[in-house]
Amino acid sequence: MIPLILLLFVAWSCADEVVPNLRVDMQPPEELQAAATRNVHTAFITMPVDHFDPQNADTFQMRFMYNEDYFGGDGYPVFILVGGEWSIAEGWLRGGNMFQMAVENRGYQFYTEHRYYGQTLPYTEFTAENLRFLNVDQALADLAYFIKELKKQPRFANSKIILYGGSYAGNMVLWFKQRYPHLVLGTVASSAPILAEVDFTGYLEVVHDAFLSEGGEQCITTIRQGILDTVAAMETEAGRRSLEAAYRLCEPLDYDDELTLGYFSGMITWRFSGVTQTASPGRIITVCNNFRTNAYGETPMQKIGGFIAVEAGLQDCWSGLNFQSLLNLYSSNNNNRAWYYQTCTEYGYFQNAPRSGTVFDPLKWLDISFYAEICKEAFNERFDESFILSAASRVNQIFGGLRPDVNNTINIHGTIDPWHALGVHNRDLKETSPTFTVPRASHCFDMQNWLSTDTIQMTQVKQNTRRIVGSWLND
Ligand SMILES: *[C@@H]1O[C@H](CO)[C@@H](O)[C@H](O)[C@H]1NC(C)=O
């Protein structure tokens, strides 16, 4: 019997399903292998569940990691890498740009985990009721509490504190410095999308622009034709069969269900998004070369279907492309569900089909009502479009949207990073808060240590960031 059960389990775990690329999963830096021996430890701190209600005495355990190998002793600086919507991992205290800063300034390194992610769980059941303490206000207060507790230790009493964060955690460090300026000396905000926006069509506009600037007109023409042919194929029976073959679908789509067509549209855009968001120079060019040489398929539609299958390492065929299966992906108590909750109640960030002439425009099923339907069904009927719009405008109201008032924050963006469209990328935030926007750079590129694929400008911005942080510390 046992082998049979194992077989069933293996078959199930290998099912090819389309997983949305909506949450950033911060993978440790690439030079990690060389440094696997550096000492990183894990610990937990007791944290109030609700920092804003003195009558609520509930607590939870917040996970953090630390590396003290380079610490110079009493009063030397403390570097905190701030965790966002992912599980923290040791690699970030063994390499990367903040690690370099700690080495250069004899700093103590921490990495904090965001509440409701990884092992930092105020509640283990993610009901809408239990998720009400999941918001950035509480998460920033967690950091403030963490720093207050640190400062009780004599060795840190006089230490200057630097925060580094990327993506949503980039928002967090910038907003932290704005809200608690007395607690930290300065922050590095990498690829921070500080404007909450529900109808975020700008995301796919940047993906389009990245394929155009890296791959050229021929690449864009192929993608445009492939997507147009895909939408046209939905109209006839013969077309539908050729679509299902080109995209390697195990069974036909429900072509009458707009939500299922939204999921299918996401299957296409999320793959282009994933490639762009993480692209080092050369990556998009490789994809475009594969389109040109028919490596993914012959017709434009087959090329797109083949690209998705190859990129995802598809074993067999895509199964469960229906809205209910998509909802099921958000039904477990995990990082994906927690982050989707935050998009419904704080940021939107819905990567909708643009209406500006991009290759993705025809995938019109990717709209607010598609993403909002997940909010309603996964969490609460009340989380409809108007609820999400007011939630996002509340965030912009309290943090200032694209006009934050913050000193000593280094604000970094990359031009092919789709998230830069929601950040300040064309002016300094303030005299003390410079902005660096780097051509051909993708999401959070600066957090890594030097890579052989870096352009000169990427290397310079990483160095500049370390130099500026060093000058704050030695002032
Ligand atoms: C930023 O620094 C300047 C110069 O020290 C100061 O006048 C200003 O009040 C600071 N702004 C904030 C928001 O801290």
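In the predicted model, strand β2, which runs over residues 59-67, is mostly covered, with 7 of its 9 residues being buried. This strand has pairing partners in both β1 and β4: with strand β1 (residues 41-48), β2 pairs in the antiparallel sense over 8 bridges, and with strand β4 (residues 108-112), β2 likewise pairs in the antiparallel sense, over 4 bridges. Individual bridges can be named for each pairing, since T42 has M65 of β2 as its bridge partner, whereas N67 is bridged to Q109 of β4.

The protein chain to which these strands belong has a secondary structure of 15 helices and 10 strands. Its radius of gyration is 23 Å, close to the 23 Å that the globule rule gives for 475 residues, and the chain is therefore as compact as a globular protein of that length. The C-alpha trace of the protein chain extends over about 75 × 50 × 50 Å along its principal axes. Among contacts in the protein chain with a separation of 6 or more, 75% are accounted for by residues that lie 24 or more positions apart.

Burial and surface composition were computed for the whole chain. Of its 475 residues, 57% count as buried, while the accessible surface amounts to about 19300 Å², 50% of which belongs to carbon and sulfur atoms. With regard to charge, the protein chain carries 35 positive and 53 negative charges, and the mean positions of these two sets are 7 Å apart.

Definitions and conventions:
Residues numbered from 1 in each chain as written. Predicted model: local features only at pLDDT ≥ 70, side-chain atom pairs only at ≥ 80, totals over all residues. Heavy atoms only, no water. Helix = DSSP H or I, 4+ residues; strand = E, 2+ residues; numbered from the N terminus. Rg over C-alpha atoms; globule rule 2.2 N^0.38 Å. Buried < 20%, exposed > 50% of the residue type's maximum accessible area, 1.4 Å probe, protein only. Contact = heavy atoms within 4.5 Å. Areas by Shrake-Rupley, 256 points an atom, 1.4 Å probe, with all protein chains shown as cover. Lys, Arg positive; Asp, Glu negative; His and termini not counted. Charge placed at Lys NZ, Arg CZ, Asp CG, Glu CD. Pairing = 2+ DSSP bridges.
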